[in-house]
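I opened this notebook to record what surrounds the bound ligand and how the cysteines are placed. The entries follow the order in which I looked things up.

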Amino acid sequence: MAARYPMNKFLIVLTAGAMALSGCGGGEVASSGGDKPKIGFLVKSATEVWFQQEWKFADDAAKDFGFDLIKIPTPDGEKVLSALDNLAAQGAQGVIICSPDVKLGPAIVAKCKAVNLKLMSVDDRLVNADDEPLTEVPHLGISAYEIGKMVGQAIVDEMKARNWNFAEVGAIAVNFEELETARQRIDGATEVLVANGFDPGHVFKSPWKTQDIPGALDAANITLTQHGDIKKWVAFSSNDDGVLGVVRATEGRNISAANVIGVGINGTSGVDDFKKPQPTGFFGSILLSPRKHGYDTCKTMYEWIKNGTEPPKETWTSGILITRKDYEEKMKEEGLL
Ligand code: FCA
């Protein structure tokens with residue numbers, strides 16, 4: 001087995017090299033034996049529901065437009081670069097990526113140029129070494145700051161509905177500081193809380209090391225331990241998983257659901273809490289459109305490959321608040337149930 005690896009690698013490099021030399025970026029794919037365009041869709045986490053939904057809608061686009069979709073989970077930088085080689089070897093002409101590390105941006109751009117892959121980013125925008133967005137790469141993402149503000153407003157409204165004295169409340173913001181879309185979501189929510197009289201000193205940013213529920217639970221537990229005197233909590237983060245971690249942490253400490261208001265983003269994993277017979281601290285979520293992120297990106301990439309129609313450089317999507325009261329109806333309207 002060990003002896004075969006270098007050989008495979010050599011073949012991949014040869015194929016990619018041949019493609020680059022022949023300028024193969026159009027609809028005909030010599031190496032595949034077929035004439036369908038091939039599009040890669042790389043995501044940072046294949047276990048997160050959001051990305052599963054994106055892939056599902058991307059599959060729908062592949063069926064509707066007649067291209068081959070190659071889905072590859074790329075949880076780290078090495079996997080991203082080898083996936084791009086792999087795509088080139090398979091004769092793909094385009095790739096849509098949500099990178100596990102946006103700072104890989106220049107390396108991804110260079111690799112795509114070398115192997116003649118058209119490149120679009122989705123969700124997490126690629127940046128350079130100075131953390132500036134790579135504006136030349138077409139991107140589709142959420143209006144993160146506005147959506148963060150919707151989270152903040154939903155929390156404020158629910159605190160008022162529960163007649164809470166804001167001065168007694170703490171906010172846990174599970175934050176992934178390295179990512180602009182995550183920072184903007186947290187900033188938007190924080191701004192609305194503070195504008196409504198919430199003490200900024202009571203907003204505790206809790207660093208999220210692994211972007212999953214256990215990672216958020218760890219982050220929340222640290223903050224809850226440090227502020228054991230606070231009995232009422234609100235929670236926000238860049239997505240449902242971040243907020244669910246906080247909710248599970250409060251449950252672990254026997255803080256009643258009546259004293260917790262968590263509002264997520266995505267409308268994915270948090271929806272499981274709405275299905276539980278008793279309300280949990282997961283109060284609501286901003287439902288996004290995985291259809292736009294999965295289907296529309298693929299459609300745009302397909303048209304770029306087929307007709308040379310350049311995608312818009314920036315597309316920003318919106319969301320709507322869902323709670324346990326109305327999630328079924330609203331998700332049905334979005335084609336998600
Ligand atoms: C980021 C988050 C995802 C999803 C997406 C739109 O990639 O990690 O959960 O919210 O943006």
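The entries below cover the model, the ligand site and the cysteines.

Entry 1, the model. I am working with a predicted model, in which local features need pLDDT of at least 70, side-chain atom pairs count only at pLDDT 80 or more, and totals for chains, interfaces and linings use all residues. Residues are numbered from 1 along each chain as its sequence is written, and side-chain values use heavy atoms, with hydrogens and water left out.

Entry 2, the shell. I listed the residues around the ligand (a heavy atom within 4 Å of it) and found Lys-44, Glu-48, Trp-50, Phe-51, Cys-98, Asp-123, Asp-124, Arg-185, Asn-239 and Asn-266. By class, this shell holds 3 nonpolar, 2 polar and 5 charged residues.

Entry 3, polar contacts. I looked for pairs of N or O atoms within 3.5 Å. An N or O atom in the side chain of Lys-44 is 3.1 Å from a ligand oxygen. A polar side-chain atom of Asn-239 lies 2.9 Å from an oxygen atom of the ligand, and one of Asn-266 lies 2.6 Å from a ligand oxygen. Taken alone, the ligand exposes 290 Å² (Shrake-Rupley method, 1.4 Å probe), and the protein buries 98% of that.

Entry 4, cysteines. I searched the whole structure for disulfides (cysteine sulfur atoms within 2.5 Å) and found 0. Cys-98 counts as buried (under 20% relative accessible area, 1.4 Å probe, protein chains only) because its relative accessibility is 0%. Cys-298 is likewise buried, at 0%.

How values were computed. A polar contact is a pair of N or O atoms within 3.5 Å; within protein, one must be able to donate a hydrogen and the other to accept it, and residues adjacent in sequence count only if both atoms are side-chain atoms. Ala, Val, Leu, Ile, Met, Phe, Trp, Tyr, Cys and Pro count as nonpolar, Asp, Glu, Lys and Arg as charged, and the others, Gly among them, as polar. Buried means under 20% relative accessible area, exposed over 50%, partly exposed in between (1.4 Å probe, protein chains only).
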